[in-house]
Amino acid sequence: GEPAAGHHQGGADHEGSQQDQPLELSQGDAVEVEADGEWWDAIVVKLVGEGAVRVHYVGGTDEEDEEIALDSGRLKAAKKLEVVWAKGSDGIGWPAAVLDGSLEDQDCTKLRVQRFLQPHSSWIRRDQASVFTKESIPKRSSSKKLAEAIESAQAALVNGSLAAVVAEANALQEREAKPASKRARKGSHGAAAPGSAAPNRSSNNQAAARKNHRLTAMRKLGLCAPLDT
């Protein structure tokens, strides 16, 4: 029942103070679950009696869902969502949720971010990020999509969670992969013949994409990217 992909070796330090107080969880709450010494993003999908919950790992499959007792020491409330302006190579800032690292950590030189309304996460340097606040929002956006991303970021800060942001990115990735799959099956003379190599390549690509989705969705909390060498 534990996540099979994206697993990190070694233990993750975390505060034990939250485990001294009983968690009060509801269906849909974002949580962090300990598995083999690492902490993973998950969402509560069902309350099991009064002393346990069933969780779904972000980026995982339904088969990996797990029932966990509230007093097991394996559950804690999800980390507070951190939203930043993330500048790309074009110098344009885009609202993004921080997946790894934090601007609050002065020793963190890189951040992995998930830009709102975009399917893929990426690493950026610390100097490419700035705090996303109401005051930092421009009066006019350069595009409709940027304006929609800003609205999503604002909503996430009010009642969203990191797990929800990653889940939405996974959904975008799946929608993006579907038309690509159709193109892969189509040759210069229309649809490929049954048994041709194109569908197999498409299947392999989809399997690799699903694996990559899992790897990006399952994050190790508090991990800062090492400096490039």
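These are my notes on what I looked up in this predicted model.

**Entry 1: confidence**

I began with pLDDT, since the model is predicted. The protein chain has a mean pLDDT of 75, and 68% of its residues reach 70 or more. I marked two stretches where the value stays under 50. One covers residues 1-19, for which the model has 53 contacts beyond four places in sequence. The other covers residues 183-203, with 11 such contacts. Predicted coordinates should not be read in detail where pLDDT is low. I therefore leave the finer geometry of such stretches alone.

**Entry 2: the chain as a whole**

I counted 3 helices and 12 strands in the protein chain. Of its 229 residues, 38% are buried. I then took the contacts between residues at least 6 apart in sequence, and 55% of these join residues at least 24 apart. The exposed area comes to about 13400 Å², with carbon and sulfur atoms supplying 49% of it.

**Entry 3: the five-stranded sheet**

I traced an open sheet of 5 strands in the order β4-β3-β2-β1-β5, and the pairing is antiparallel. β4 and β5 (75-77) are the edge strands; each has a single partner, so one side of each has no neighbour in the sheet. Ignoring direction, neighbouring strands here are turned by 45° against each other on average.

**Entry 4: β3 and its two partners**

How much of β3 is buried? I found 5 of the 6 residues of this strand (residues 52-57) buried, so β3 is largely enclosed by the rest of the structure.

On one side I looked at strand β2 (residues 38-48), which runs antiparallel to β3 and is joined to it by 6 bridges. I noted two of the facing pairs: V48 has A52 as its bridge partner, and I43 stands opposite H56. The two strands form a hairpin with 3 residues between them, and G49 in the turn has a positive phi of about 65°.

With strand β4 (residues 66-69), β3 makes 4 bridges, again antiparallel. Here A52 stands opposite A69. A52 thus appears in my notes twice, facing V48 in β2 and A69 in β4.

For reading the faces of the sheet, I keep in mind that side chains alternate between the two faces in a regular strand.

**Entry 5: nonpolar cores**

Which residues have the most contacts inside the largest nonpolar core? I listed L81, V83, A97, F116 and F132, in a core of 19 residues. At least two core residues come from each of β6 (83-87), β7 (93-100), α1 (144-159) and α2 (162-184). α1 gives the most, with 5 residues.

I followed F132 further, leaving aside neighbours within four places in sequence. F132 is in contact with V83, V84, W85, P95, I137, I150, A153, Q154 and L157. Another core lies apart from the one just described; it has 13 residues, and L23, A35, W40 and V53 are among them.

**Entry 6: D107**

Is D107 buried or exposed? I placed this residue in the loop between β7 and β8 (110-115). Its relative accessible area is 66%, and the cut-off for exposed is over 50%, so D107 is exposed. I also checked its distance to R126: the two are 19 residues apart in sequence, and their C-alpha atoms lie 9.9 Å apart.

Technical notes. Residues numbered from 1 in each chain as written. Predicted model: local features only at pLDDT ≥ 70, side-chain atom pairs only at ≥ 80, totals over all residues. Heavy atoms only, no water. Buried < 20%, exposed > 50% of the residue type's maximum accessible area, 1.4 Å probe, protein only. Contact = heavy atoms within 4.5 Å. Areas by Shrake-Rupley, 256 points an atom, 1.4 Å probe, with all protein chains shown as cover. Pairing = 2+ DSSP bridges. Core = buried A, V, L, I, M, F, W, Y, C linked by side-chain atoms within 4.5 Å. Axes fitted to C-alpha atoms, helices over the stretch in contact; angles between N-to-C directions. pLDDT = per-residue confidence, 0-100.
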